[in-house]
Amino acid sequence: MNMKLYISAILGVSILSACTKNFVAENTNPDAVSTPTPEYVFTKALYDGMGNASGTYGGSTMYLLQGAMQYTTSYNDVAGFGSKYVAAQTQQTNASFNAAYPDEINELGIVIKAVKSNPAKINLLAAARIWRVFCFSRITDLYGDVPYFQAGLGYDSSVYKPAYDPQQSIYMNMLSELDAAAQSFDPSKTTFGAADLIYGGNIAQWKKFTYSLMLRLAMRLTKVDIASAQTWATKAIAGGVITADADIAKMPYLSSGQVINQNPMAYSLWNSDYIAQDGVSNAEGGKYQDVWINYLKSTNDPRLPIISIVYNNGVADTSVGIQQGMPANIQYNKPANFGTYSEPNPKTVLQLGSSQLVFSAAESYFLLTEAALRGWYNGSTADALYTLGVQAALRNWSIIAGAAGTINSAAINNYVAANTLNLAGTFDQQMQQIYTQFWVSIFPNATEAYSSYRRTGYPALVGNNYPGNATGGKIFRRCLYPASEQTLNADAYKAAVARQGADDLMTHIWWDKQ
């Protein structure tokens with residue numbers, strides 16, 4: 001018996017030795033890397049940041065916000081949640097939260113960790129910090145208090161239940177991050193180069209984007225901290241914001257190849273609703289909303305035939321006279337005249353290879369117009385800045401879609417002449433004019449339109465009191481945290497709700513005091 005035990009022990013050691021001899025080599029993926037390449041990860045973070053902002057990877061966020069801003073609607077209660085606020089579909093609003101943290105936030109953490117200790121890569125660090133602010137600004141503007149300071153620390157620091165931070169603290173840090181990152185750029189050092197899909201490593205343009213983003217965030221504070229709003233807006237303007245088309249921050253895409261290389265908003269709209277190209281087989285029942293089309297028609301907006309079509313005998317027709325939006329109060333069933341309603345133009349809005357504008361000159365000019373009205377900027381008059389904003393906005397579609405989006409100079413001049421700033425109006429009347437025009441100019445970026453609407457109250461949209469809605473017929477003020485947070489990060493979730501208010505669609509976030 002002892003001999004048998006001895007032999008068994010020897011065999012066990014031999015087997016163990018055989019199993020462990022080449023264990024590392026045989027269990028290492030030859031196609032994997034042990035250390036990340038910051039350039040590759042940064043490119044992925046750019047794609048994911050824009051994808052989550054516009055809806056492809058953030059799921060239904062783009063749909064619900066386009067509906068909420070009354071650009072679109074659907075007779076389908078599920079797809080039409082954003083314009084109907086159907087109580088049974090409220091969890092659609094947590095999609096961006098779920099997508100952002102494992103994607104761009106995690107990826108940017110990897111990039112920052114890889115480059116932060118190397119002085120030669122200071123420009124890489126600066127760009128990553130700036131893009132991280134852009135991504136986080138989208139998250140906090142949708143949800144309010146969110147994990148920020150401890151976000152993305154699970155792998156590095158075993159922080160698996162990050163605290164939710166007050167939005168005020170998040171905003172103050174984001175503004176400081178932009179300031180520090182802009183000042184840290186060093187023209188003598190290397191950049192992301194071709195891995196930087198937005199600017200190709202152009203430091204001067206990254207600084208303009210940084211200060212433009214700073215101006216956007218500064219203006220968010222006007223209702224809750226006017227002193228800080230003025231301080232940061234003044235700093236941003238002094239730093240130099242985007243005012244030329246050549247400096248616009250935009251993400252380029254390809255019309256073919258992998259999905260991640262295609263315009264995410266166009267891809268989502270195309271494949272979920274409009275791929276049949278007949279005007280009647282729209283899978284999700286989507287069309288432009290009557291509020292949107294009626295406004296464009298009432299102002300003789302030259303963008304209407306650029307962005308909108310009606311299928312006429314199977315042919316996409318851009319004729320202004322036949323464009324009409326679908327009411328948001330249609331219930332359950334496809335209307336008999338569904339095919340007569342307007343939908344996105346395949347040559348512009350649905351073009352897979354078109355660019356997405358991250359920050360445009362038009363947005364800068366509209367924000368500068370408000371700054372001038374408030375006495376924070378004396379570099380030009382409010383009416384001149386407003387005119388420049390309208391002109392820039394009308395050029396945006398040529399930047400997005402090329403020839404198919406180009407509006408001729410005569411049409412631009414006519415529209416500008418008919419839409420000058422009302423200098424005799426009150427401050428509030430002028431704000432209404434500026435940010436109604438902004439609503440038109442920023443389409444299809446409903447995420448930014450939503451934030452601007454909550455801050456300013458413009459355009460003066462009227463909520464949809466649809467049967468079974470969750471908001472009392474009012475446009476919702478925030479998105480809901482994922483239900484998983486209530487169990488997987490319960491203490492942090494409860495602390496956020498206790499501080500901010502109920503995890504409800506109508507709870508106002510910190511800067512939303514309209």
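Start by selecting Arg454 and Tyr450: Arg454 lies over the face of Tyr450, 3.9 Å from the ring centre. Keep in mind as you click around that this is a predicted model.

Before going further, colour the chain by pLDDT. The mean comes out at 92, and 92% of the residues reach 70 or more. Two stretches fall under 50. Pick residues 1-20 and you have one of them, with zero contacts beyond four places in sequence. Residues 55-59 are also under 50, but there the model has 20 contacts beyond four places in sequence.

Now for the rings. Show the aromatic side chains, and you have 34 aromatic pairs to browse. Try Phe42 with Trp206: this pair is tilted, with 6.4 Å centre to centre and 50° between the planes. It ties together distant parts of the chain, since Phe42 belongs to helix α3 (residues 38-54) and Trp206 to helix α10 (residues 203-219), 164 residues apart. Are these two rings buried or exposed? Phe42 is buried, at 0% relative accessible area, and Trp206 is buried too, at 2%.

Next, select Trp131 and Phe134. Here the pair is stacked, 4.5 Å centre to centre and with 20° between the planes. Both sit in helix α7 (residues 122-143), and because they are three residues apart, about one helical turn separates them. Trp131 has a relative accessible area of 0%, so it counts as buried; Phe134, at 1%, is buried as well.

Stay with the aromatics for one more selection: Phe97, Tyr101, Phe136, Tyr143, Tyr148, Phe149, Tyr164, Tyr481 and Tyr493. Together they form one aromatic cluster. Zoom in on Tyr148, one of the members, and add Arg132 to the view. The charged end of Arg132 sits over the Tyr148 ring, 5.4 Å from its centre.

Last stop: the largest pocket. Which residues lie nearest its centre? Select Gly109, Ile112, Lys113, Leu153 and Asp156, and you have them, out of 20 residues that line the pocket. The space inside is about 550 Å³. To see what the walls are made of, switch to cartoon and highlight α6 (95-115), α7, α8 (154-157) and α9 (167-184), the elements that each give two or more residues to the lining. Which of them gives the most? That would be α6, with six residues.

Technical notes: Residues numbered from 1 in each chain as written. Predicted model: local features only at pLDDT ≥ 70, side-chain atom pairs only at ≥ 80, totals over all residues. Heavy atoms only, no water. Phe/Tyr/Trp six-rings, centres within 6.5 Å; stacked < 30°, edge-to-face > 60°. Helix = DSSP H or I, 4+ residues; strand = E, 2+ residues; numbered from the N terminus. Buried < 20%, exposed > 50% of the residue type's maximum accessible area, 1.4 Å probe, protein only. Lys NZ or Arg CZ within 6 Å of the ring centre and 35° of its normal. pLDDT = per-residue confidence, 0-100. Contact = heavy atoms within 4.5 Å. 1 Å grid on protein atoms, 1.4 Å probe; cavity = no way out; pocket = protein on both sides within 12 Å on 5 of 7 lines; lining within 4 Å. Points joined across faces, edges and corners; volume = space filled by probe spheres on them.
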